[in-house]
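I opened this entry to record what I looked up on core packing and on one buried polar site. The notes follow in the order of inspection.

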Amino acid sequence: MPKRPPTASIVSTGRFAPENVVTNADLAARVDTSDEWIRSRTGIRERRIAAEDQSTAEMAAFAATRALDQAGLDVKDIDLLLVSTATPDRLLPSTACDVQALLGASNAGAYDFATACSGFPYGLAMAEGHIAARQAETVLVVCAEKMSSIIDWMDRGTCVLFGDGAGAAVVRPATDERGILSTFTKSDGTLAELLYRPAGGARIPIDIAVLDERSQYVKMAGPEVFKSAVRAMCDAAEQGLRRAGVTAEEIDLLVPHQANIRIIEATARYAGIPMEKVFINVDRYGNMSSASLPVALDEAREQGLLKEGSLALLVAFGAGFTWGSTVVRL
Ligand code: UT7
């Protein structure tokens, strides 16, 4: 892929995390697990869980509003609203249309996309494409996930891993100072059934048998997914750097998908980026699927770890399998 001048840039970010904190000890009271097991295998200490009546669209709208405020933009400035979610509030219409209605973004086109935990790099690539094609000038990319609604709270192999939340970014044309230097997206659909929800879609609608088998919930082959995640995150980091034409030493901060501290450490090691330059919040939020990356990016900016002119490498992996990366000058 030839190096080319940036066409789009991230001008602001925002996030939303539900108030309710669920600790490892809380989970140990519900399933056969322990704080020690969860912390040592994943790095997670606690996660946020949305109220039952809190929708994915509401969380998305909160994060979006913060990103718009930070950019000093009006909601009517949004030309396009892209929503990444594995937990749409309804199957029809899209959650993006609900977010548009909640925000009052009446000048925007809106659609959902489903690339699971890799949503942010995919969303940035789409935003960049729309801007490059001059179909849009201001694109809002929102990643919002109510994972608590699709995980099996009786399955200790998955319920300890996930959390709820939303992150957003406003993407506009690049300037001389800032821009997206590379985007990389890749998938391998042959491995879909290592991490999936077997039922609840058109192929296997929900019926009594589905409810008995609990197959409307996320199923995951943990160790197999772990190995693929390490491979894919390393590939994404390498591709991102190569396509941007920058070295690991030039990266100010690696902001990886927050699924498991061991996956993050392996990725950083492979990419040649020391852990002091890696942003981590998996301990406080668990895996918020696609929301993890924009929430982490927003926190890193708020903490001053990324300033104007900083170079960030964003890397993600998720169900599909999908993986991707973005190298961005902020
Ligand atoms: O967002 C992208 C997608 N997701 C991921 O990237 C997740 C990838 N996978 C992982 O992070 C790890 O595979 C897990 C954290 C899910 C599991 O860690 P592991 O080191 O691969 O453990 P394991 O699945 O091999 O299980 C080891 C043992 C098993 O017991 P036995 O068979 O050795 O007796 C499990 O039954 O740990 C047991 N186990 C648990 N024990 C206590 C599994 N889950 C738990 C639990 N608490 N929550």
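Which residues does Leu313 touch, not counting residues up to four places away in sequence? I worked on a predicted model. I found that Leu313 touches Ala237, Leu241, Ile251, Leu253, Leu254, Val255, Ile273, Ser325, Thr326 and Val327.

I then looked up the largest nonpolar core, which has 47 residues. Leu313 is among the residues with the most contacts inside this core, together with Val246, Ile251, Ile273, Phe317 and Val327. I listed the elements that give two or more residues to it: strands S8 (179-187), S12 (311-318) and S13 (322-329), and helices H8 (222-244) and H9 (261-271). H8 supplies the largest share, 10 residues. I noted that this core lies between domain 1 (8-176) and domain 2 (181-329), because both give residues to it.

Apart from this core I located another, of 30 residues, including Phe113, Ala169, Leu253 and Leu330.

I turned next to Arg15, in strand S1 (residues 8-16). Is Arg15 buried or exposed? Its relative accessibility is 17%, under the 20% limit, so I entered Arg15 as buried.

I checked the polar partners of the Arg15 side chain. One polar contact is with the side chain of Asp298, at 2.8 Å; another is with the side chain of Glu302, at 3.0 Å. Leaving aside neighbours within four places in sequence, I recorded Arg15 in contact with Ala63, Arg66, Ala166, Gly167, Tyr285, Val295, Asp298, Glu299 and Glu302.

Methods. Residues are numbered from 1 along each chain as its sequence is written. This is a predicted model: local features need pLDDT of at least 70, side-chain atom pairs count only at pLDDT 80 or more; totals for chains, interfaces and linings use all residues. Side-chain values use heavy atoms; hydrogens and water are left out. A nonpolar core is a set of buried Ala, Val, Leu, Ile, Met, Phe, Trp, Tyr and Cys residues joined through side-chain atoms within 4.5 Å. Buried means under 20% relative accessible area, exposed over 50%, partly exposed in between (1.4 Å probe, protein chains only). Helices (H or I, at least four residues) and strands (E, at least two) are DSSP runs, numbered from the N terminus. Domain bounds come from an automatic or database domain assignment. Contact means heavy atoms within 4.5 Å. A polar contact is a pair of N or O atoms within 3.5 Å; within protein, one must be able to donate a hydrogen and the other to accept it, and residues adjacent in sequence count only if both atoms are side-chain atoms.
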